[in-house]
Amino acid sequence: MRKNIVAGNWKMNKTLQEGVALATELKEKLSNATPNCEVIIGTPFIHLATVSELLKDSVIKVAAENCADKESGAYTGEVSAAMVKSTGAQYCILGHSERRAYYHETFDILREKVKLALAHDLKPIFCIGEVKEEREANKQNEVVKAQLEGSVFNLSAEEFSNIVLGYEPVWAIGTGLTATPEQAQEIHAYIRGLVAEKYGKQIAEDCTILYGGSCNAKNAAGLFANPDIDGGLIGGASLKADDFKAIIDAF
Ligand code: PEP
């Protein structure tokens with residue numbers, strides 16, 4: 001069964017104390033609610049253990065924003081998938097365009113990260129999407145196809161069933177520009193078609209594909225109303241409990 005999901009991505013924001021305050025506020029706001037979607041917050045590594053403990057009796061699940069491409073050992077400053085899992089987090093955002101662009105995460109590196117996340121029982125939220133020039137040249141379909149083929153279409157069908165996809169046009173991330181619901185639906189349907197070609201109709205039907213890129217309380221309902229848009233990956237608007245809750249309420 002396909003799940004609807006609203007997932008926050010705090011990025012490199014919030015001290016530990018500020019993050020705990022935000023998670024506490026969100027927990028309180030959702031304490032009497034039965035959201036029509038799964039709710040996830042993606043936090044920096046330093047928040048994971050505390051926030052996972054804080055949210056263990058709530059409907060909110062926790063994601064890391066990254067993990068290492070190595071199992072363990074002499075990789076100073078890195079955080080492994082096993083370490084992430086040990087905090088209580090259940091998901092791991094991988095392939096975010098900021099990591100691809102600023103930290104040079106290649107298809108090969110991401111393939112390793114996805115494999116390790118799955119091996120440690122973390123569900124990857126795997127991000128794909130084109131930059132502005134690629135959209136202007138109408139190359140978005142080939143870009144997302146290459147990203148899927150390069151890092152996740154090597155997985156077995158069973159492994160792939162544990163992946164959530166996030167379509168995030170890079171030109172819409174943090175810019176205030178949003179893909180129109182029509183643009184987003186069109187490419188989400190294309191992505192689902194690629195999954196169907198590779199893994200079959202049932203796995204494609206069950207695959208959650210999130211939209212990300214300046215999604216907010218005003219535009220969320222219009223995006224989520226489309227048959228192939230199963231929720232949102234939310235950056236800026238996940239940093240305020242009221243704004244994030246309003247997006248959850250769009251379902
Ligand atoms: C993101 O970084 O995943 C994102 C979608 O950011 P924003 O909502 O701020 O555009």
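Ala 246 is found in helix H12. This is a predicted model, and Ala 246 is a handy place to enter it. At 29% relative accessibility, Ala 246 counts as partly exposed, because that value falls between the 20% limit for buried and the 50% limit for exposed. Now look across to Thr 208. The two residues are 38 apart in sequence. In space, their C-alpha atoms are 20 Å apart.

Step back along the helix to Lys 245. H12 covers residues 241-249, and Lys 245 lies in it. Is Lys 245 buried or exposed? Its relative accessible area is 19%, so Lys 245 is buried. The limit is under 20%. Which residues does Lys 245 meet, once neighbours within four places in sequence are set aside? The contacts are Lys 29 and Leu 30.

Next comes Phe 244, again in helix H12. Phe 244 has a relative accessible area of 1%, so it is buried. What does Phe 244 touch, not counting residues up to four places away in sequence? Part of the answer comes from low residue numbers: Val 6, Ala 7, Gly 8 and Leu 26 are among them. Val 39, Ile 40 and Ile 41 are touched too. So are Ile 234, Ala 237 and Ser 238. Take Ala 7 from that list. Phe 244 and Ala 7 are 237 residues apart along the chain. Their C-alpha atoms are separated by 9.1 Å.

That pair leads to the fold as a whole. How many helices and strands are there in the protein? There are twelve helices and eight strands. The radius of gyration is 17 Å, close to the 18 Å that the globule rule gives for 251 residues, so the protein is as compact as a globular protein of that length. Along its principal axes, the C-alpha trace spans about 45 × 45 × 35 Å. Of the 251 residues, 50% count as buried. Consider the contacts between residues at least 6 apart in sequence: 73% of them join residues at least 24 apart. The protein exposes about 11400 Å². Carbon and sulfur atoms supply 51% of that area.

Now turn to the pockets. The largest pocket has a volume of about 530 Å³. It is lined by 19 residues, and the closest to its centre are Lys 11, Met 12, Glu 65, Arg 99 and Tyr 103. Which element gives the largest share of this lining? Helix H4, residues 97-102, gives three residues. By type, the lining of the largest pocket divides into nine nonpolar, five polar and five charged residues.

The second largest pocket has a volume of about 250 Å³. Of the 19 residues that line it, Ser 97, Glu 98, Ala 101, Val 131 and Val 170 are the closest to its centre. H4, strand E5 (123-128) and helix H7 (140-151) are the elements that give two or more residues to this lining. H4 has the largest share, with five residues. The lining of the second largest pocket divides into ten nonpolar, five polar and four charged residues.

Return to Lys 11, one of the residues closest to the centre of the largest pocket. Where is its place in the chain? Lys 11 is in the loop between strand E1 (5-9) and helix H1 (16-30). Its backbone deserves a look. Most residues other than glycine have a negative phi. Phi of Lys 11 is near 55 degrees, a positive value.

Asp 121 also has a positive phi, near 65 degrees. Asp 121 is in the loop between helix H5 (107-119) and E5. Is Asp 121 buried or exposed? With a relative accessible area of 54%, Asp 121 is exposed, because the limit for exposed is over 50%.

The last stop is Arg 135, in helix H6 (residues 132-136). Arg 135 counts as buried, at 16% relative accessibility. Leaving aside neighbours within four places in sequence, Arg 135 is in contact with Glu 130 and Gln 140, among others. Tyr 167, Trp 171, Gln 183 and Ile 187 are also in contact with Arg 135. Lys 113 is 22 residues from Arg 135 along the chain. The C-alpha atoms of these two residues are separated by 27 Å.

Notes. Residues are numbered from 1 along each chain as its sequence is written. This is a predicted model: local features need pLDDT of at least 70, side-chain atom pairs count only at pLDDT 80 or more; totals for chains, interfaces and linings use all residues. Side-chain values use heavy atoms; hydrogens and water are left out. On a 1 Å grid over the protein atoms alone, a cavity is a set of points where a 1.4 Å probe fits but cannot get out, and a pocket is an open set with protein on both sides within 12 Å along at least five of seven lines; lining residues have an atom within 4 Å of a point. Grid points are joined across faces, edges and corners, and a volume is the space filled by probe spheres set on the points. Helices (H or I, at least four residues) and strands (E, at least two) are DSSP runs, numbered from the N terminus. Ala, Val, Leu, Ile, Met, Phe, Trp, Tyr, Cys and Pro count as nonpolar, Asp, Glu, Lys and Arg as charged, and the others, Gly among them, as polar. The radius of gyration is taken over C-alpha atoms; the globule rule is 2.2 Å times the number of residues to the power 0.38. Buried means under 20% relative accessible area, exposed over 50%, partly exposed in between (1.4 Å probe, protein chains only). Contact means heavy atoms within 4.5 Å. Accessible areas come from the Shrake-Rupley method with a 1.4 Å probe; for residues, only the protein chains shown count as cover.
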